[in-house]
Amino acid sequence: MVHDASAFLSAMDRNPHLRSYVDDFVSKTGKEPQFHVTMSRDMETMVAPSIIYPIGDPLYIHLYQEPGELMRYLTIVPLLSKEDKLRYEEILNSLILAGLTSEEDPDNIETLKMMLNSLLDDIILIGDQKFSIRSIISGLSPIKKVYLDQLQNERIRYHIITNLTSMGILEPLMRDDWVEDISCNGLGDFFIIHKIFKTLQTNVGLTNDRELDELCYRLSEVTGKPISDANPICDGALPDSSRINILFSRDISKKGSSFSIRRFSAEPISILRIVEIGRASCRERV
């Protein structure tokens, strides 16, 4: 459980949003979080931890607990400014037009991601807009080119790819192998069960019914069992084999649409692991 200072600096150099988050946290609390490249189960004995760990660039998790308070599970992701959101919509419109003219038909998520990145490479131009033959010609095309700086490109590209091919706001929770369960009981923050720190409240959630209904509908589509007012319950499996249960709309749930996701370990549990977590004794015949 050693804080890896050099890896922390390297991660912040690669990810300015991580540096911004840490600087803001230190400014508010006067404390710098510990950075751990890997997690271990003996961390559960830590008192009032403040741990940041990576789940694959550009995403990081901050587990933080003030003395006497409940621990929080905080996702650190690239955030979009107001200007970013405008550029996001422009790029999305261009992407739709480019996709309509494409003859490719991806047969899996990874191929779709590659296709989208290729289309984005054609739509996004890095740097300030220049009035040249190229810019004049591109301006005549129905597929509008959008100028971004490098950091804008990274932020907006992450959100577009995630929203179109993955789980949107659930992406950090689904990417973290230490998360066993994800639950949404209507509007507000989602909760998870962490393999080390058990039940934790996250900073991921929704505050209006329309967005929550849209997320639930999208999740149900992935299972192949779309929900509707006529069929408001979905019990199915996500592409990674996680089990999901969805209740749709306030007609059957007073708190609004809700869902729970039960994730499965990427590796089969071993006999030693069963003994470690106390499910069996070394003296028992297995």
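Biologist: Which residues form one aromatic cluster?

Modeller: Phe-8, Phe-35 and Tyr-60. This is a predicted model, so local features need pLDDT of at least 70, side-chain atom pairs count only at pLDDT 80 or more, and totals for chains, interfaces and linings use all residues. Residues are numbered from 1 along each chain as its sequence is written, and side-chain values use heavy atoms, with hydrogens and water left out.

Biologist: What makes two rings an aromatic pair?

Modeller: Rings of Phe, Tyr and Trp (its six-membered ring) pair if their centres lie within 6.5 Å. Planes under 30 degrees apart count as stacked, over 60 as edge-to-face and the rest as tilted. By this rule the count comes to four aromatic pairs.

Biologist: Why is the pair of Phe-8 and Phe-35 called stacked?

Modeller: The centres are 4.9 Å apart, and the limit is 6.5 Å, so the rings pair. The planes stand at 10 degrees. The stacked class takes angles under 30 degrees, so the name fits.

Biologist: Which parts does that pair tie together?

Modeller: Phe-8 lies in helix H1 (residues 5-14) and Phe-35 in strand S1 (residues 34-35), so parts 27 residues apart in sequence are tied together. Helices (H or I, at least four residues) and strands (E, at least two) are DSSP runs, numbered from the N terminus. The chain has nine helices and twelve strands.

Biologist: Why is the pair of Phe-35 and Tyr-60 called tilted?

Modeller: The planes are at 45 degrees, with the centres 6.3 Å apart, so the pair is tilted. This pair also links distant parts of the chain: Tyr-60 sits in strand S3 (residues 60-64), 25 residues from Phe-35 in strand S1.

Biologist: How do you know that Phe-35 is buried?

Modeller: Its relative accessible area is 3%. Buried means under 20%, exposed over 50%, partly exposed in between (1.4 Å probe, protein chains only). The value for Phe-35 falls under the buried cut-off, so the label holds. Tyr-60 is buried at 0%, and Phe-8 is buried too. Over the chain, buried residues make up 39% of the 286 residues.

Biologist: Why do Cys-184 and Cys-216 not form a disulfide?

Modeller: A disulfide is a pair of cysteine sulfur atoms within 2.5 Å. The sulfur of Cys-184 is 5.9 Å from the one in Cys-216, its closest cysteine sulfur, and that is too far for a bond. The structure holds zero disulfides.

Biologist: Are these two cysteines buried or exposed?

Modeller: Buried: Cys-184 has a relative accessible area of 1%, and Cys-216 is at 0%.
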